[in-house]
Amino acid sequence: MVFLEDGRLEIDNNRAERSIKPFVIGRKNWMFSNTAKGANSSAIIYSIVETAKENGLNPFNYLKYLFEQLPNMDMTDKPKLDQLLPWSPSIQRNVVYQIKLNKS
């Protein structure tokens, strides 16, 4: 009953259950991932999209930004890669900035 001691904690996990609901409903569609690599790739993409949503990002704009930035990055540079995580302040600024530019 830790949530009684800390008011910031939610009393239930409805938010988490709602975020996986589309995955549960659509799992029949993913039965066509006939290889383990295909299923793993689907899980990674789904995880990225849902994490972006939970952090208030538009998944399309976030993925577009990642696909533009990642080919030009050194994959061993952990601090630079950390800046691409959805909760990073820099990604919040860059993706929002792109959304504003696209609306003009």
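**Helix α4, the largest pocket and their surroundings**

At 12% relative accessibility, E50 counts as buried, a value that comes, like every other in this passage, from a predicted model. E50 lies in helix α3, and its side chain is joined to that of K53 by a polar contact of 3.1 Å.

The protein chain in which E50 is set holds six helices and zero strands, so that, because only helices count among its elements, the order from the N terminus on reads α-α-α-α-α-α. Of the 104 residues in the protein chain, 19% are buried. The area that the protein chain exposes comes to about 8400 Å², and carbon and sulfur atoms supply 59% of this area. When contacts between residues at least 6 apart in sequence are considered, 45% of them join residues at least 24 apart.

The largest pocket encloses about 310 Å³ of space. It is lined by 14 residues, among which I48, Y62, L66, L70 and L85 are the closest to its centre. Two elements, α3 (36-54) and α4 (59-69), give two or more residues each to this lining, and α3 gives the most, with five residues. In character, the lining of the largest pocket divides into 12 nonpolar residues and two polar ones, with no charged residue present.

Helix α4, one of the two elements named above, contains several buried residues, namely N61, Y62, L63, Y65 and L66. The N-terminal end of α4 is capped by N58, a side-chain oxygen of which lies 2.9 Å from the backbone nitrogen of F60. F60 itself lies in helix α4, but, in contrast to the buried residues of that helix, F60 counts as exposed because its relative accessibility is 59%, over the cut-off of 50%. Along the chain F60 and V49 are 11 residues apart, and their C-alpha atoms are separated by 8.3 Å.

Y62 deserves a fuller description, since this residue of helix α4 is buried, with a relative accessible area of 4%, and is also listed among the residues closest to the centre of the largest pocket. When residues up to four places away in sequence are not counted, Y62 touches I48, A52, L57, L84, L85, P86, I91 and V95. Among these partners, I48 and L85 are, together with Y62, in the group closest to the centre of the largest pocket. The contact with L84 can be described further, for the backbone oxygen of L84 lies 2.6 Å from a polar atom of the side chain of Y62. For I91, the separation from Y62 is 29 residues in sequence, whereas in space the distance from C-alpha to C-alpha is 8.3 Å.

A further buried residue is found outside the helices, as S88 has its place in the loop between α5 (78-82) and α6 (89-103). S88 counts as buried because its relative accessibility, at 9%, falls under the cut-off of 20%. With residues up to four places away in sequence left out of the count, S88 touches D82 and Q83.

How values were computed. Residues numbered from 1 in each chain as written. Predicted model: local features only at pLDDT ≥ 70, side-chain atom pairs only at ≥ 80, totals over all residues. Heavy atoms only, no water. 1 Å grid on protein atoms, 1.4 Å probe; cavity = no way out; pocket = protein on both sides within 12 Å on 5 of 7 lines; lining within 4 Å. Points joined across faces, edges and corners; volume = space filled by probe spheres on them. Helix = DSSP H or I, 4+ residues; strand = E, 2+ residues; numbered from the N terminus. Nonpolar A, V, L, I, M, F, W, Y, C, P; charged D, E, K, R; others polar. Buried < 20%, exposed > 50% of the residue type's maximum accessible area, 1.4 Å probe, protein only. Contact = heavy atoms within 4.5 Å. Areas by Shrake-Rupley, 256 points an atom, 1.4 Å probe, with all protein chains shown as cover. Polar contact = N/O pair within 3.5 Å; in protein donor to acceptor, adjacent residues only side chain to side chain.
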